[in-house]
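Trainee: I'm new to this one and would like a close look at a single part. Could you walk me through the sheet and whatever touches it?

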Amino acid sequence: MADVPTNIKPDAIIYPALDSNVIKRSYDISDYIRKQLKSYNPQRNAKIYINGIEQSFTNFESNIGDSGLFEDAANFPMVKYYASLPQANNQPAILLFQSSADEVDREIGKAVDEQTLMGYMPITQYTNVTYETTAQKFNSPKDYRPTLYWNAFATIEAGNTSGLFTFFNNSRAKGFCITIQGITESGKVVYYREVFK
């Protein structure tokens, strides 16, 4: 993790990864920042830095969908807020310090969040829904699947930087979330999650 070099004291420092609410359940870092820094109104033209690198947008509120700030707040050990930062042209600035994927313990505290459920969900075989023609797509019943695509055995060849996966969207979709989990040949765990709205 890297910081923006400055000798100015932050107006606020928060530690999301140590917060008991974050430890017990998933919490978007964007929502967490809004809640914790609401008295500072950080969304007004605040510049955003992640691990010392300025992000391409300047408005926290309107560009949040492009910011990658839907990640779990547990991935961020510290957040600094400056009401005015010289390196940001004396604008407000939010500095996020993000842990790398192999530094995050995603199981910490989650097991203590016990719940009582009525009934159970039986195991069913997942099938990717495909529509061969446009007519078939529009004449079929409403598609309310919560999972749009599932591939437990996707492989990416060494040196290949992209892969193409095609799926049909839910009829009521307002966006979708992609979660990639896996393990490399050397045994390293891979985890990536992003929300598109």
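**A walk through the sheet**

Mentor: Let's start in the middle of things: isoleucine 48 has isoleucine 94 of S5 as its bridge partner. That pair belongs to a parallel match, in which 4 bridges join S2 to S5. Keep in mind that this is a predicted model.

Now step back for a moment. The protein chain has 197 residues, and its secondary structure comes to 3 helices and 7 strands. Read from the N terminus, the elements go β-α-α-β-β-β-β-α-β-β. The part you asked about is an open sheet of 5 strands, in the order S1-S4-S5-S2-S3, and its pairing is mixed. S1 and S3 stand at the edges with a single partner strand each, so one side of each has no neighbour in the sheet.

Let's cross the sheet from the S1 edge. S1 covers residues 12–14 and runs antiparallel to S4, with 3 bridges joining the two. Isoleucine 13 lies in S1, and its bridge partner in S4 is lysine 80. Isoleucine 13 is partly exposed, with a relative accessible area of 37%. Together with Tyr15 and Leu18, Ile13 forms a nonpolar patch on the surface, and the three have about 320 Å² of accessible area together.

Lysine 80 deserves a longer stop. On the S5 side, lysine 80 stands opposite leucine 95. At 12% relative accessibility, lysine 80 counts as buried, because the cut-off for buried is under 20%. The side chain of lysine 80 also meets that of aspartate 3 in a salt bridge, at 2.8 Å from N to O. This pair links distant parts of the chain: lysine 80 is in strand S4, aspartate 3 is in the segment before S1, and 77 residues separate them. Unlike lysine 80, which is buried, aspartate 3 is partly exposed at 36% relative accessibility.

Next come S4 (78–85) and S5 (91–97). They pair in the antiparallel sense over 6 bridges and form a hairpin with 5 residues between them. Have a look at the backbone in that turn. Asparagine 89 has a positive phi of about 60° there, and asparagine 90, in the loop between S4 and S5, also has a positive phi of about 60°. Why point this out? Most residues other than glycine have a negative phi.

From S5 we come back to S2 (47–50), which is followed by S3 (53–54). The loop between S2 and S3 holds asparagine 51, another residue with a positive phi, about 50° in this case, although it is not a glycine. Asparagine 51 is partly exposed, with a relative accessible area of 21%.

There is a salt bridge at this end too: the side chains of lysine 47 and glutamate 54 meet at 3.2 Å, N to O. Lysine 47 is buried, with a relative accessible area of 10%, while glutamate 54 counts as partly exposed at 39%.

Finally, see what packs against the sheet. Helix H2 spans residues 29–36, and its buried residues are Ile29, Ser30, Tyr32 and Ile33. They cover an arc of only 165° around the axis, so they sit on the same side of H2. The cover over these buried residues includes two strands we met in the sheet, S4 and S5, along with S1 and helix H1 (20–24).

H2 has a salt bridge of its own, between the side chains of aspartate 31 and arginine 34, at 3.0 Å from N to O. Both residues lie in H2, 3 residues apart, which is about one turn of the helix. Aspartate 31 is partly exposed at 37% relative accessible area, and arginine 34 counts as partly exposed as well, at 24%. With that you have met the 3 salt bridges that the structure holds.

To place the sheet in the whole chain, look at the contacts with a separation of 6 or more: residues 24 or more positions apart account for 57% of them. Of the chain's residues, 25% count as buried. The protein chain exposes about 14100 Å², and carbon and sulfur atoms supply 52% of that area.

Technical notes: Residues are numbered from 1 along each chain as its sequence is written. This is a predicted model: local features need pLDDT of at least 70, side-chain atom pairs count only at pLDDT 80 or more; totals for chains, interfaces and linings use all residues. Side-chain values use heavy atoms; hydrogens and water are left out. Buried means under 20% relative accessible area, exposed over 50%, partly exposed in between (1.4 Å probe, protein chains only). Contact means heavy atoms within 4.5 Å. Accessible areas come from the Shrake-Rupley method with a 1.4 Å probe; for residues, only the protein chains shown count as cover. The arc is that of the directions from the helix axis to the C-beta atoms. Patches are made of residues with over 30% relative accessible area and no salt bridge: like charges are joined within 9 Å, nonpolar side chains (Val, Leu, Ile, Met, Phe, Trp, Tyr) within 5 Å. A salt bridge is a side-chain nitrogen of Lys or Arg within 4 Å of a carboxyl oxygen of Asp or Glu. Two strands pair if DSSP finds at least two bridges between them.
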